[in-house]
Amino acid sequence: MIPTSLSTVADQCAGMLVAAPPNLEAVPVVSSVVTDNRQVSRGSLFVAIKGERVDGNSYAGAALKAGAAGILTDNPQLALNSGAAAERVIAVRDSVKAMGKLAREHIELLRSQGRSDFTIVAVTGSVGKTTTKDLLAALLAERGPIVAPPNSFNNPIGMPVTALRADEHTATLVLEMGADHIGDIEQLTAIAPPDVAIVLGVGRAHLGEFGGIENVAKAKSELVLGACSGAPVILNADDKRVAAMNTLAHGPVLFFSTHGRISQVGMEAAIYASDIRVDELDHAEFTLHTPAGQAPVRLALVGEHHVANALAAASAAHVLGISLDHIAQVLSTVGPASAHRMAVLNVAGATVIDDSYNANPDSMRAGIRALTRLGQGRRTVAVLGKMNELGEQSLDEHRSLGGSVADAGVNVLVSIGDDADMRALREGAQQRAAVDGREIQTLMIADVHQAISEVPTLIASGDVALLKGSNGSLVWKIADELMQLAQREETGVTTAVEGE
């Protein structure tokens, strides 16, 4: 962040200091923005947000003692009650919206006073956002100092925090933009209109919130509509709903495809893969084709579905002038940068795939495919939690997923929880296995706390296991326990991929 006085910050976010500072010299300078009081350092603006369990305003006084320059709050009285000095408290109507206003002002300042080549690259999609963001961060570092979000900071809180990390030296700001509702991405692009926009795919995430896949497509298209005038738009030509967004673009459109020059839906792609194959460790190898030529790539990520993510990142790099040789080299060497994206662990002789960050029907199936490829000739175990936010389609989607687990030949299905959705998952697996004459063992563990102790005993040496579920299913806690086991055995993460 470009250092800014607290009083100027108040003006930029349409707020007001609760009390005037005693003199101009007493006005502190803000040099960073945080929403977690544990991350406060000297010069931080602590944005106090009321969460489901904790109200950040209760920590306002402590944040100032830890060195914060000021507090941004929509509950100034609680902040004052916690010990915060009135002249250091900015009162606003809505802390999250005010932070977005501050980020928007900051972006405009960077465009006028920062580097002449300052560029915002934004990515959205139902699956693959975080892996693509991580690949972009590695590829575009060639341009100069880069800022990219940790993990999946893609909502109205996380994205502005990331944008505010950029300063006058930043060459590239990579942003991940997610949506739970129509209008969410429009709100984010209003804060940080991208100079390059990437849409990966339209899948069945958050169907219950959106009310249908066409509304998911409408939400993702907001990135294209919100891009800067003349901004290149990079679209997945293998997804008909994404390909159709080309009519909304304000600038040139670049298609990418995993199906060769002519995509799965008949679009001609400028960036594409040919000769795709997967090795015994489930790393995809292919020939990368761009307008600048072609080059061989062997992804360091696990899972064939990452070819599409790599092509999307390569497209942005090509548009921004990165050489083909550098693109191929980075794609072939960069592993995961975000947690719980199918990190592959060795635990007591078993291979454990941690893809527990999140899940939807499409990413679940991608994880199952990776499990069966890595588990060829070995016993396979799928430890699955619930897929949240699927609305009225939830039962059918869980039952269908169970059928897919059986079709894939998974040996053991362990469901975490015993609600209607998880029963449908097990029933779907059992019914499909019976029809096809397959054998599948289905087990139920009541909750994640029980699973933390039981799952390690269910996975034997030589097995390959997948852990996956929506974030709210808490399957990631099981993964954390297994990670600790792996660390105690003095082994670590060998590689990783993202599921959603």
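This is a chat about the sheets, helices and spaces of a predicted model.

Trainee: Let's start with the sheets. What is the strand order in the open sheet of nine strands?

Mentor: The order is β9-β10-β8-β11-β12-β13-β14-β15-β16. The pairing in this sheet is mixed.

Trainee: Which are the edge strands there?

Mentor: β9 (146-147) and β16 (293-302). Each of them pairs on one side only.

Trainee: Take the β9 end. Do β9 and β10 run parallel or antiparallel, and over how many bridges?

Mentor: Parallel, over two bridges. Strand β10 covers residues 172-176.

Trainee: Which residue in β10 is the bridge partner of I146?

Mentor: T172 in β10.

Trainee: Now β13. Is it enclosed or open?

Mentor: Strand β13 (residues 253-257) is largely enclosed by the rest of the structure, because four of its five residues are buried. Its partners are worth a look too. Strand β12 (residues 233-236) pairs with β13 in the parallel sense, over four bridges. Strand β14 (residues 271-278) also pairs with β13 in the parallel sense, over two bridges.

Trainee: Give me residues. What does I234 bridge to in β13, and what stands opposite F256 in β14?

Mentor: I234 has L254 as its bridge partner in β13. F256 stands opposite I271 in β14.

Trainee: And what holds paired strands together in general?

Mentor: Backbone hydrogen bonds, in either a parallel or an antiparallel arrangement.

Trainee: On to the sheet of five strands. What's the order?

Mentor: β2-β7-β6-β5-β4. This sheet is open as well, with mixed pairing.

Trainee: Why is one side of β2 and of β4 left without a neighbour in the sheet?

Mentor: β2 (16-17) and β4 (32-34) stand at the edges. Each has a single partner strand, so one side of each has no neighbour in the sheet.

Trainee: How does β2 pair with β7?

Mentor: In the antiparallel sense, over two bridges, with β7 spanning residues 89-91. M16 has A91 in β7 as its bridge partner.

Trainee: Switching to helices. How far does α5 reach?

Mentor: Helix α5 (residues 129-140) reaches 16 Å from its first C-alpha to its last. That is close to the 16 Å expected for its 12 residues at 1.5 Å a residue.

Trainee: How many of the α5 residues are buried?

Mentor: 11 of 12, so "mostly covered" fits, with buried meaning under 20% relative accessible area. Among the buried ones are K129, K133 and D134, along with L135, L136, L139 and L140.

Trainee: What about the span of α15?

Mentor: Helix α15 (residues 420-436) has 17 residues, which should span 24 Å at 1.5 Å a residue. Its end C-alpha atoms are 24 Å apart, so the two values agree.

Trainee: Which α15 residues are buried, and what do they pack against?

Mentor: D421, M422, A424, L425, R426, G428, A429 and A433 are buried. The buried residues of α15 pack against β19 (380-384), α14 (394-407), β20 (412-416) and β21.

Trainee: Any rule for which helix residues point the same way?

Mentor: Yes: an α-helix has 3.6 residues a turn, so residues three or four places apart point the same way.

Trainee: You mentioned β21. Where is A446?

Mentor: A446 is in the loop between β21 (441-445) and α16 (448-458). At 43% relative accessibility, A446 counts as partly exposed.

Trainee: What does A446 touch?

Mentor: G417 and D418, leaving out residues up to four places away in sequence. I416 is 30 residues from A446 in sequence, but 6.0 Å away in space, C-alpha to C-alpha.

Trainee: Now empty space. How many cavities of 30 Å³ or more?

Mentor: Two. The second largest has a volume of about 30 Å³. Its lining is L6, S7, L17, P21, A26, V27, P28 and E87. By class, that is six nonpolar, one polar and one charged.

Trainee: And the second largest pocket? What's the volume, and which residues are closest to its centre?

Mentor: The second largest pocket holds about 780 Å³ of space. Of its 30 lining residues, V127, N236, H305, A308 and R369 are closest to the centre. α11 (306-319) and α13 (361-374) are the elements that give two or more residues to the lining.

Trainee: Which element gives the most?

Mentor: α13, with six residues. By class, the pocket lining has eight nonpolar, 12 polar and 10 charged residues.

Methods. Residues are numbered from 1 along each chain as its sequence is written. This is a predicted model: local features need pLDDT of at least 70, side-chain atom pairs count only at pLDDT 80 or more; totals for chains, interfaces and linings use all residues. Side-chain values use heavy atoms; hydrogens and water are left out. The expected span of a helix is 1.5 Å times one less than its number of residues. Buried means under 20% relative accessible area, exposed over 50%, partly exposed in between (1.4 Å probe, protein chains only). Contact means heavy atoms within 4.5 Å. Two strands pair if DSSP finds at least two bridges between them. On a 1 Å grid over the protein atoms alone, a cavity is a set of points where a 1.4 Å probe fits but cannot get out, and a pocket is an open set with protein on both sides within 12 Å along at least five of seven lines; lining residues have an atom within 4 Å of a point. Grid points are joined across faces, edges and corners, and a volume is the space filled by probe spheres set on the points. Ala, Val, Leu, Ile, Met, Phe, Trp, Tyr, Cys and Pro count as nonpolar, Asp, Glu, Lys and Arg as charged, and the others, Gly among them, as polar.
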